[in-house]
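Keep the model open beside this text. We will go through it piece by piece, from cysteines to sheets, helices and loops.

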Amino acid sequence: MAGGHQNARAVAPDTDADDPWVFSRGAPADEDAWASEASLFALADGVLGVRGGVEERPHTGGGAYLNRVYDAVPLSYPERFSGFATHTDTRLPMADGAVIDLRVGDGRVADGRMLDFWRRLDLRTGELVRYTRWQTPDGSIIDVLARRVVFGGGVLALRLEVRSVDHSGPLTVTSLLDAGGAGAAQAGDPRHGVGSGHHLATSAIGSDGDAAWLLQHGRHAGVGGAVAQAHRVERLRREEPVARSASAAITYRADLAPGEQAVFEKVVAYVPFDAGEDDQALADARARAAHHAGRGYAAAAASAARELAPFWEAAEVTIPDDAELTRAMRFNLMHLRRSAPADGRSGLAAKGLTGEGYQGHTFWDAEAFALPVLALTAPALARSNLAFRVAGLDRARRHAREMDHSTGALYPWRTIGGDEGSGYFPAGSAQYHINAAIAYAVRSYDRATGDDAFVLGAAAPMVFETARLWLAAGFHDSRADGAFRICSVTGPDEYSALVDDDHYTNRLAQLHLRYALELASRAPDAPGAPDADERVRWADAATRMHLPLDPVLGVHPQDSTFLGKPEWPWQADGGDRPLLLHYHPLTLYRHQIIKQASVVLAHAVCEVGDPAQQRRDLTYYEPRTVHDSSLSASSHAIVAARLGRTAEAWRFLRESVFIDLDNLHGNVGHGLHMASMAGGWQALACGFAGLRVVDGAPALLPRTAPELPRYAFRFAWRGAALRVEVDAGRCRYSLGAEGGPLTFTHDGLPLSLRPGESVERPTPRFGSAPTGAIRALLFDLDGVLTDTARLHYVAWQALADELGIPFDAAANEALKGVDRDGSLALILARGTRRYDDDERRALAERKNAHYQRLIADITPADLLPGARAALERARAAGLPVALASASRNARTLLDRLGIAHFFDAVVDPASVPRGKPDPAIFLAAARKLDVDPAACLGIEDSHAGLQAIRAAGMTGLGVGDPAALADADAVVANLDGVDWADPIGAGPVRA
């Protein structure tokens, strides 16, 4: 912020209300609120975090933390068993350099009274400005204008302008390095952690002229930090130092008359060190403090602004009709960016560098929520945090052995230094999905950056080793047809513990194994890459992963026992929230009550799956989810937005975004929630804008809502920055001038932009639920939406030729609408040789290989006339749409045709016992859509398909020759112009 002290009142908070780049507040309402405000106004740079205390007023929530400085606190158990964690890491406060003892005459200013107070945080530059008008104990009035920034990997710079309003006399400024800060003691809230109440040990304190320094270290962890301060003053003179035992201090004095001011600038440099590096660290800290003090505060503020500028080029968010939400999302992104370490040796803590919540531990929060956002906004920071996990691979291997696994690696549930720090294993070490979260973060970074050097070099061995653990922890159950099951784990929902077949864990393990196989094919010679036999076992486990559907409720069971538990018997009216503070864990474990998204989170993360199934799961699990975790709301927002439940999505988006600003969980004083900050961005970009990755490229399906009529955001992709602007009528895409060209999809159709180019496309239209006689559309694929019949014919012809069986176009007509196995039987019947079951399976796969090669080049241009427009009209009418296809490659074809996102459900021969003309496939599609078959319109081009539609009790629309489609209620040449409000009026009616 430019300008001098005389302009202080011109930047009061009430004038900032319309500026979405400024977060400002006045004085807290009560003393207890200072700690929460200190979290909100914390500053960080990935190495150093400084909470937003008031320099001259003690007990306002200040504190300083270094990402690598912690202590290892012994864990005590009344009953200790094999494999229990022995120590837990605890981040302890460093010496606080943002402490100033300010005195007027003989009285300390802080003992007086605040007459006016405000703070403003510039989100664009990262500068915090604070104004206070004090009435001192002797009754005189002074103004303090304070500025501070944190920058440069561990440097705090601050400037105090102290102006006398009516005081005549001495002003004393004592600059402290206060080494007396203690870690939080254990309290009744487990979210704060065990709390040691310990101090870091201080091994040296010294001063020299305008400089002072000290060394601190953990008593058990072997890490520490050097802290040095230097000063630059105007109108102040230095006094002789006074020896202190717990802090380094330098005192300055001035005599002020009314209207005069003194200026005090201070730079504090923090340098972390490992054992034996303390001398060099201290020399570095002293040199950095002196250098930046010599340049002055203005240069420091400019450096901090330069550090943030590239981030906003890739991450800016705007909600044009809501300045408050715009500010909140930018506030969250700034804190996420500034807390993320860049040293490759530290992980992003759940509370970042803004407080001591969760003891400063890194959890799965970072990889499951924060790193995917950083990969799209600050990829170097995502890589750094993944490098921290890579560095911990040997410790993860050791942890797996502690957990009795002879192979693989298991990452700790909570840690700073790399070892398991969870003292309650049912809700800690049992959460094996930490492995999948780390692999998911690597996958997200891989997709967004294309950084093969890091992914295939450093990260791939970690993905392989963590994938191995699934085979060590799970097994193929012969009683469940060989399904791969994982037992006695805890999923994201910590109100259910030590369960079998946790849906989220199994689903993410499946994704993990498949990604590990992908990396193995890309880097077969990487260290730890699986051999051929192990690849087969990984693929088999992924294919057979146990992901059942409940036959009665039609939902994915959260785990093997959840659906059989009783409902929660107490009214959760908010007075008992969070439940974990009011009920014994066993009480929670025995009921259908969910702490945070689990099945819903699996849908949000995996980006695939039928929308109809997601809708059923969300409908069932949402009423049972109390969202006691800050991680939960964003996942529900993403899935609800994708399903068109926009009012619900909007509510959850705002909850995720404002968790800290409105202190919705009552623990902001412990620090800010990094994962929720990232989740709010995901709710907008991945939820409302529909951002996903399809075939290795960004895919967007934007939608608006009455609550969100317009929005814009940026994200980075492989060196390019794309700005997305959405309103009810159009979507505008603009590619930044830096980087290369970008190809992505909008509403399933490819777009390519060169640097500096923009393009507009219509915003997809989504209708509400239909009210007419037809409530759902069930499409066949071949011959209705695209013509792959010719490709099937070519593939069957190739196989027939190999077998010496006569086959031609006339014979191919009999295959229309018949599935692969049925078609093979018809062809083999034309020959003379008989084949056993294994041979038939091999022949079917041989034909499919021919077909896969032929469809590899299919694009949206291969849709039949009117097909896409017909799907767009169905979407605008709010009609649910399913695919009922005889093709086992249906999902692949839909993706390549750019229309997969139009379908709420897909049913193929693998889903039903019998193919067309049996009605099973159409009845299954109707069940998936939860629509009565009599209210469904089936759309087919084959005689067998129309027979199936009639047998299902549905209305049938034929596409093709009326003479060949006698079973249709009406026939059209193609779907161009069909009115879904009166589809049978579109063509000749069956007699």
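Cys487 is partly exposed, because its relative accessible area is 26% and that class lies between 20% and 50%. This is a predicted model. Where is the cysteine sulfur closest to that of Cys487? It belongs to Cys606, at a distance of 20 Å, which is too far for a bond. A disulfide is a covalent bond between the sulfur atoms of two cysteines. A search of the whole structure finds 0 of them. Cys936 has a relative accessible area of 0%, so this cysteine counts as buried.

Now turn to the interior. The largest nonpolar core holds 193 residues. Trp364, Trp681, Phe713 and Tyr733 have the most contacts inside it. Helix α9, residues 452–473, gives the most to this core, with 12 residues. Another core lies apart from it and has 36 residues. Leu781, Leu871, Leu897 and Ile939 are among them.

Trp681 deserves a closer look. Beyond its neighbours within four places in sequence, Trp681 is in contact with a list of residues that includes Ala315, Val317, Met329 and Leu333. Val373, Leu376 and Thr377 also belong to that list. So do Cys686 and Leu691. Phe713, Arg714 and Phe715 are further contacts of Trp681.

Next come the sheets. One open sheet has 5 strands, in the order β20-β25-β26-β27-β30, and its pairing is antiparallel. Its edge strands are β20 (317–318) and β30 (758–762), each pairing on one side only. Helix α17, residues 674–688, packs on this sheet and touches β20 and β25. The direction of α17 makes about 90° with that of β25. Within the sheet, β25 (residues 711–717) and β26 (residues 720–726) run antiparallel and are joined by 7 bridges. Trp717 has Ala720 in β26 as its bridge partner. Strands of a sheet pair through backbone hydrogen bonds, either parallel or antiparallel.

A further open sheet has 4 strands, with the order β23-β24-β28-β29 and mixed pairing. Why does one side of β23 and of β29 lack a neighbour in the sheet? Both stand at the edges, and each has a single partner strand, so one side of each is left without a neighbour there. From one strand to the next, the twist averages 40°. Strand β28, residues 742–746, runs antiparallel to β29, and 5 bridges join the two. Phe744 finds its bridge partner in β29, at Leu751.

Follow the chain on from β29. Glu757 sits in the loop between β29 (749–753) and β30. Glu757 is partly exposed, with a relative accessible area of 26%. Outside its neighbours within four places in sequence, Glu757 is in contact with Tyr733, Ser734, Leu735 and Ser752. Tyr711 lies 46 residues from Glu757 along the chain, and their C-alpha atoms are separated by 20 Å.

A hairpin offers another antiparallel pair. Strands β14 (residues 201–208) and β15 (residues 211–217) pair over 7 bridges. Ala201 stands opposite His217 in β15. There are 2 residues between the strands of this hairpin, where Gly209 takes a positive phi near 65°.

Positive phi also turns up outside glycine. Arg235 has a value of about 75° although it is not a glycine. Arg235 is found in the loop between β16 (223–234) and β17 (237–238). Its relative accessibility is 45%, so Arg235 counts as partly exposed. Asp501, again not a glycine, has a positive phi of about 55°. Buried or exposed: which describes Asp501? At 6% relative accessibility, Asp501 counts as buried, because the cut-off for that class is under 20%.

Asp501 lies in the loop between β22 (483–486) and α10. That leads to the helix itself. Helix α10 spans residues 503–522 and has 20 residues. From its first C-alpha to its last, α10 reaches 29 Å, close to the 28 Å expected at 1.5 Å a residue. The helix is mostly covered, with 16 of its 20 residues buried.

One backbone feature remains. The peptide bond from Lys916 to Pro917 is cis, with omega near 15°. Pro917 has its place in the loop between β33 (905–907) and α24 (920–929).

How values were computed. Residues are numbered from 1 along each chain as its sequence is written. This is a predicted model: local features need pLDDT of at least 70, side-chain atom pairs count only at pLDDT 80 or more; totals for chains, interfaces and linings use all residues. Side-chain values use heavy atoms; hydrogens and water are left out. Two strands pair if DSSP finds at least two bridges between them. Contact means heavy atoms within 4.5 Å. Axes are lines fitted to C-alpha atoms, for helices over the stretch in contact, and angles run from 0 to 180 degrees between N-to-C directions. The expected span of a helix is 1.5 Å times one less than its number of residues. Buried means under 20% relative accessible area, exposed over 50%, partly exposed in between (1.4 Å probe, protein chains only). A nonpolar core is a set of buried Ala, Val, Leu, Ile, Met, Phe, Trp, Tyr and Cys residues joined through side-chain atoms within 4.5 Å. A disulfide is a pair of cysteine sulfur atoms within 2.5 Å.
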